[in-house]
Amino acid sequence: MSLTVISSVYEVCSDAAGIAGNIFAFGLFLSPIPTFRRIIRNGSTEQFSGMPYIYALLNCLICLWYGFPIISPGIILVATVNSIGAVFQLIYIIIFIAYAEKPMKLKMLGFLVSVFAVFASIVFVSLQFLNSSSRQLFVGYLSVASLISMFASPLLIINLVIKMRSVEYMPFSLSLATFLMSLAFFVYGLLKHDPFIYAPNGIGTVLGTVQLALYAYFKRASQGELRHPLIVP
């Protein structure tokens, strides 16, 4: 097998992993829809928090910038998935602001402006003060930090599941999509030899595996309790 054929197969495999990551990520982006249907139906944000969508928007914007050819040539699939993610998060935030009480509305608007100000600052610094290699390192480290901070949410969910001994607050579809997306981009990062992609997604894959294992364990345990009800003499 010639080097050209091997290179072509390698490229096809890496693109396939990236496309798979985009597809699985799309499932994640759709997951908040039931929450926002409830907000629209009730005409109120109730006790829901808009901060996860603020954090997610900033994360998507930073990772989108890292995937741009001017920063990291050859990983355009990172840019595509995060551009779609940024649009979804912005729509969620706009809906949240529309239905929030006035104090929360102003607070969320302030956070939204701050997100775009931070992103604009990152773009300005990376373009004006850094050369191509330093630029990639700068944005790459920021994207890793942003992704790892996003993984704090699964850790909180894992802790809640263990504490409550229930998977009620950890939907299987969401856990599966998180695992599959992280795994796909972990493989994509490995094939692209990009530690800024495979390192954080490797962590995401591990956390996704833990979530699925906990789901299987506590789901089976709860079913066992239903099959064997406690008999009080």
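## Overall make-up

Count the secondary structure elements and you get nine helices and zero strands. Walking along the sequence, the order is simply α-α-α-α-α-α-α-α-α. Keep in mind that this is a predicted model.

Of the 233 residues in the protein, 39% are buried. The surface exposed by the protein comes to about 13200 Å², and 71% of that is supplied by carbon and sulfur atoms. As for how the chain meets itself, take the contacts between residues at least 6 apart in sequence: 74% of them join residues at least 24 apart.

## Helix 3 against helix 6

Helix 3 covers residues 51-67 and helix 6 covers residues 132-150; their axes sit 9 Å apart, at an angle of about 150 degrees. Angles over 145 degrees count as roughly antiparallel, so helix 3 is roughly antiparallel to helix 6. The crossing here is left-handed.

On the helix 3 side, the residues involved are Tyr55, Ala56, Asn59, Ile62, Cys63, Trp65 and Tyr66. They meet Gln136, Val139, Gly140, Leu142, Ser143, Ser146, Leu147 and Met150 from helix 6. Sort this contact by class and you find ten nonpolar residues, five polar ones and no charged ones.

## Helix 3 against helix 5

Helix 3 also packs on helix 5, which spans residues 102-128. This time the angle is about 15 degrees, with the axes 10 Å apart. Under 35 degrees counts as roughly parallel, so that's the label for helix 3 and helix 5. Helix 3 goes past helix 5 in a right-handed crossing.

From helix 3, the contact draws on Met51, Ile54, Leu57, Leu58, Leu61, Ile62 and Trp65. Helix 5 brings Met108, Phe111, Leu112, Val115, Phe116, Val118, Phe119, Ile122, Val123, Ser126 and Leu127. The class split is 17 nonpolar, one polar and no charged residues. Two helix 3 residues, Ile62 and Trp65, turn up both in this contact and in the one with helix 6.

## Helix 2 against helix 4

Next up are helix 2 (residues 33-42) and helix 4 (residues 76-99), whose axes come within 10 Å and cross at roughly 25 degrees. That angle makes helix 2 roughly parallel to helix 4, and the crossing is left-handed.

Helix 2 puts in Ile33, Phe36, Ile39 and Ile40, while helix 4 answers with Tyr92, Ile95, Phe96 and Tyr99. By class, that's eight nonpolar residues, with no polar and no charged ones.

## Two residues to look at

Ala145 belongs to helix 6. Its relative accessible area is 47%, so Ala145 counts as partly exposed; the exposed label is kept for values over 50%. Ala145 and Phe196 are 51 residues apart along the chain, and their C-alpha atoms are separated by 9.7 Å.

His193 is found in the loop between helix 8 (172-191) and helix 9 (195-227). It isn't a glycine, yet His193 has a positive phi of about 55 degrees. With 62% relative accessibility, His193 falls in the exposed class.

Methods:
Residues are numbered from 1 along each chain as its sequence is written. This is a predicted model: local features need pLDDT of at least 70, side-chain atom pairs count only at pLDDT 80 or more; totals for chains, interfaces and linings use all residues. Side-chain values use heavy atoms; hydrogens and water are left out. Helices (H or I, at least four residues) and strands (E, at least two) are DSSP runs, numbered from the N terminus. Buried means under 20% relative accessible area, exposed over 50%, partly exposed in between (1.4 Å probe, protein chains only). Contact means heavy atoms within 4.5 Å. Accessible areas come from the Shrake-Rupley method with a 1.4 Å probe; for residues, only the protein chains shown count as cover. Axes are lines fitted to C-alpha atoms, for helices over the stretch in contact, and angles run from 0 to 180 degrees between N-to-C directions. Angles under 35 degrees count as roughly parallel, over 145 as roughly antiparallel, 65 to 115 as roughly perpendicular and the rest as oblique. A crossing is left-handed if the near helix is turned anticlockwise from the far one by less than a right angle, and right-handed if clockwise. Ala, Val, Leu, Ile, Met, Phe, Trp, Tyr, Cys and Pro count as nonpolar, Asp, Glu, Lys and Arg as charged, and the others, Gly among them, as polar.
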